[in-house]
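Let us take a walk through this fold together, beginning with one pair of strands and working outwards. Please keep the viewer open as you read.

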Amino acid sequence: MFFEADRVIYAKPQLLEVICQLRFPTILSISAKEPAEFQELIRADFPRYSRTVEKLPPKVLGQPGNMKLQEQPDVINYQFLSADGKWKVNMTNNFIALATPAYTQWENFAAKLDEVLAQFISVYHPAFFERIGLRYINAISRKALELEGTPFADLIEPGYLGLMAEEDVQEQSFQRVLQEAEMKLPGGCNLKLHCGPGMVKRNNVEDKEIKFILDNDFFMNGKVELPHTTAALNTIHTHADRTFRGAITRELHEAMEPQLL
């Protein structure tokens, strides 16, 4: 499932989006007023601003026969976008996240994340982080890689294919094959995996090509002190790199045109 190899970047990456989210104990001041001070600190890189109000479903309290619904306060989600729309910061009163479809390599992503976190910490002073997550959403396109006609069984390792890995059935016979798993990894890390063939929507338009979706969410739960954030993120990224390389065959690896870092 895991593969140790020299790190590479791909000329033809198959990433839809990379998201890093850090959750912290609720800071009421974030939702109490517009984040003008924080915006000013990151506005050079994220000049476009918007906010949405998310209605949470009521919480069910009590035991059967004596249950009641408790209304939950609305969640204000602040969004800061880069001028080209390819980088996005989201912030609520209990998390901050950085996301992009334009991921190239970890060092570049981590540098931008460091800048955002430094400004966030300087303004809001979170006590610690409760969850640090790094999610890679891949959609393997055979068309984009000039592999049309190649079965996924030649591109994806059997453990991620489920019944599609069986030799006596055709890929085209399956209408739906999904696999979900959660597991513990070394170093206090966890993995939530979702994978299988499917179609992707872009701008609310569904692409008719069947792609292989590989959605890996790596995270650490528990109290992470601020000085340990970078080390935690590096541990999570190491697991992400090893897991992705372990999920793909050499044929797919070569088709994405790897270049050594």
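E3 and E6 are paired in the antiparallel sense, with seven bridges between them. One of the residue pairs here is serine 50, whose bridge partner in E6 is glutamine 79. Please bear in mind throughout that this is a predicted model.

**Around strand E6**

Glutamine 79 also looks the other way: its bridge partner in E7 is asparagine 90. E6 and E7 run antiparallel and are joined by four bridges. The two strands form a hairpin with six residues between them, and in the turn glycine 85 has a positive phi of about 75°. How enclosed is strand E6 by the rest of the structure? Six of the seven residues of this strand (residues 75-81) are buried, so E6 is largely enclosed.

**The nine-stranded sheet**

E3, E6 and E7 belong to an open sheet of nine strands with antiparallel pairing, in the order E3-E6-E7-E8-E2-E9-E14-E11-E10. Which strands lie at its edges? They are strand E3 (48-54) and strand E10 (179-185), each of which pairs on one side only. From one strand to the next, the twist averages 15°.

Further along the order, strand E9 (residues 129-140) and strand E14 (residues 211-224) pair in the antiparallel sense over 11 bridges. Here arginine 131 stands opposite asparagine 221 in E14.

Two helices pack on this sheet, and the table sets them side by side.

| Helix | Strands touched | Angle between directions |
|---|---|---|
| H3 | E2, E7 (88-91), E8 (95-100), E9 | about 155° with E8 |
| H4 (residues 229-247) | E2, E9, E10, E11 (189-198), E14 | about 155° with E14 |

**A residue of helix H3**

Phenylalanine 109 is a good place to look at H3 in detail, as this residue is found in that helix. Is phenylalanine 109 buried or exposed? Its relative accessibility is 1%, so it counts as buried. Leaving aside neighbours within four places in sequence, phenylalanine 109 is in contact with Val18, Cys20, Trp87, Leu98, Thr100, Tyr103 and Leu134. For a sense of distance, alanine 83 is 26 residues from phenylalanine 109 in sequence, and the two C-alpha atoms are 17 Å apart in space.

Trp87, one of those contacts, has another feature to show: lysine 112 lies over the face of tryptophan 87, at 5.1 Å from the ring centre. Elsewhere, arginine 142 lies over the face of phenylalanine 152, at 3.6 Å from the ring centre.

**Aromatic rings**

The aromatic pairs come to 13 in count. In one of them, the rings of phenylalanine 24 and phenylalanine 120 have centres 5.1 Å apart and planes at 40°, so this pair is tilted. Which parts does the pair tie together? Phenylalanine 24 lies in the loop between strand E2 (15-23) and helix H1 (28-32), while phenylalanine 120 is in helix H3 (residues 106-124), so the link joins parts that are 96 residues apart in sequence. Both partners are out of reach of solvent by the burial criterion: phenylalanine 24 counts as buried at 1% relative accessibility, and phenylalanine 120 counts as buried at 0%. The two also belong to one aromatic cluster, formed by Phe24, Phe38, Tyr49, Tyr78, Phe80, Phe120 and Tyr124.

**Histidine 253**

Now to helix H5 (residues 250-255), where histidine 253 is found. This histidine is buried, with a relative accessible area of 9%. Which side chain makes a polar contact with that of histidine 253? The partner is tyrosine 10, at 2.8 Å. Apart from neighbours within four places in sequence, histidine 253 is in contact with Val8, Tyr10, Arg245, Ile248 and Pro258.

**The whole protein**

Stepping back, the protein has five helices and 15 strands. Its C-alpha trace spans about 60 × 55 × 40 Å along the principal axes. Of its 261 residues, 42% count as buried. How much of the contact list comes from residues 24 or more positions apart? Among contacts with a separation of 6 or more, such residues account for 68%.

Note on methods
Residues are numbered from 1 along each chain as its sequence is written. This is a predicted model: local features need pLDDT of at least 70, side-chain atom pairs count only at pLDDT 80 or more; totals for chains, interfaces and linings use all residues. Side-chain values use heavy atoms; hydrogens and water are left out. Buried means under 20% relative accessible area, exposed over 50%, partly exposed in between (1.4 Å probe, protein chains only). A polar contact is a pair of N or O atoms within 3.5 Å; within protein, one must be able to donate a hydrogen and the other to accept it, and residues adjacent in sequence count only if both atoms are side-chain atoms. Contact means heavy atoms within 4.5 Å. Rings of Phe, Tyr and Trp (its six-membered ring) pair if their centres lie within 6.5 Å; planes under 30 degrees apart count as stacked, over 60 as edge-to-face and the rest as tilted. A charge sits over a ring if NZ of Lys or CZ of Arg is within 6 Å of the ring centre and within 35 degrees of the ring normal. Two strands pair if DSSP finds at least two bridges between them. Axes are lines fitted to C-alpha atoms, for helices over the stretch in contact, and angles run from 0 to 180 degrees between N-to-C directions.
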